[in-house]
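Subject: Structure handover

Hello,

I am passing on the structure we discussed, with notes on what turned up in it. Please have it open while you read.

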Amino acid sequence: MTPRTNPSNTPRAPRRDALRNDEIVINAARAVFAEQGPQASMEAIASRAGLGVGTIYRRFAGKGELLDAIARLFVEEMDQAAAAALADPDPAAGLERFLEFVGTFNAEKRRYAAALTDRVSEDAVSARTVDRVRQLTRKAVEAGVLAPDVTGDDIKALIVALRGVVAASPDGDDAGWRRFLRIHLAGLRPGR
């Protein structure tokens, strides 16, 4: 005789309203963290979301879980940007657009980017992104846009440096990281 399954013990998919609330909370948290940094209170996030703080705590045990959820989105968004850049038939435009996305993305999250970076794990999505950056670099080298000795690791180093420039720039001042990116892309091009 096989044991009967108790329906109350089987995990259920989250309800539609719970998923909608998760999205509202995450968007509110991104906005509040962008303004106040990772030390922002759950109450400030709840207020921005238009929800009770108890609703947030039912879905996210604390700021750590909320930052983890945002970090997962961070990885997915970065991967989507790398995929779009790789799909661009113009390797120079694709690479430049991707690196500008990285700069803008980090500038928007300037106050809590370090907290997100610390939470990003090496998973299948981030490995796929690294591979896409390597492919994008290879395409740019083959098209003669980048010098023949430029590698994906060079672009990864540029991304890390770009994050540092963004972090050191005053709030709202994108001129510094944009100039830094322009100078470094010029330095990676083949010699004339």
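Before anything else, note that this is a predicted model.

I will begin with one residue and its surroundings. Setting aside neighbours within four places in sequence, Thr-137 touches Leu-146, Val-150, Thr-151, Gly-152 and Ile-155. Thr-137 itself sits in helix α7, which covers residues 124-142. Its relative accessibility is 1%, so Thr-137 counts as buried.

Further along the chain is Val-145, in the loop between α7 and α8, the latter being residues 152-168. Is Val-145 buried or exposed? Its relative accessible area is 19%, and the limit for buried is under 20%, so Val-145 is classed as buried. With neighbours within four places in sequence again left out, the contacts of Val-145 are Ala-92, Ala-140, Arg-189 and Pro-190. A separate distance concerns Ala-93: this residue is 52 residues away from Val-145 along the chain, and the two C-alpha atoms are 9.8 Å apart.

Next, the nonpolar core. The largest one has 52 residues, and those touching the most other members are Phe-33, Ile-45, Leu-66, Leu-95, Phe-98, Leu-99 and Ile-155. Two or more residues each come from α1 (16-36), α2 (42-49), α4 (63-87), α5 (91-108), α6 (113-119), α7, α8 and α9 (175-188). Which element gives the largest share of this core? That is α4, with 12 residues.

Two of the core residues just named can be followed further. Leu-66 is in contact with Val-25, Ile-26, Ala-29, Met-42, Ile-45 and Phe-60, not counting neighbours within four places in sequence. Ile-155 appears among the contacts of Thr-137, and Ile-155 is also one of the α8 residues that meet α9.

That leads to the pairing of α8 with α9. Their axes come within 9 Å and cross at roughly 160 degrees. Angles over 145 degrees count as roughly antiparallel, and α8 and α9 are therefore roughly antiparallel to each other. The crossing of α8 past α9 is right-handed. On the α8 side the meeting residues are Ile-155, Leu-158, Ala-161, Leu-162, Val-165 and Val-166, and on the α9 side Gly-176, Trp-177, Phe-180, Leu-181, His-184 and Leu-188. By type, the residues of this contact are 10 nonpolar, two polar and no charged.

Regards

Terms used:
Residues are numbered from 1 along each chain as its sequence is written. This is a predicted model: local features need pLDDT of at least 70, side-chain atom pairs count only at pLDDT 80 or more; totals for chains, interfaces and linings use all residues. Side-chain values use heavy atoms; hydrogens and water are left out. Helices (H or I, at least four residues) and strands (E, at least two) are DSSP runs, numbered from the N terminus. Buried means under 20% relative accessible area, exposed over 50%, partly exposed in between (1.4 Å probe, protein chains only). Contact means heavy atoms within 4.5 Å. A nonpolar core is a set of buried Ala, Val, Leu, Ile, Met, Phe, Trp, Tyr and Cys residues joined through side-chain atoms within 4.5 Å. Axes are lines fitted to C-alpha atoms, for helices over the stretch in contact, and angles run from 0 to 180 degrees between N-to-C directions. Angles under 35 degrees count as roughly parallel, over 145 as roughly antiparallel, 65 to 115 as roughly perpendicular and the rest as oblique. A crossing is left-handed if the near helix is turned anticlockwise from the far one by less than a right angle, and right-handed if clockwise. Ala, Val, Leu, Ile, Met, Phe, Trp, Tyr, Cys and Pro count as nonpolar, Asp, Glu, Lys and Arg as charged, and the others, Gly among them, as polar.
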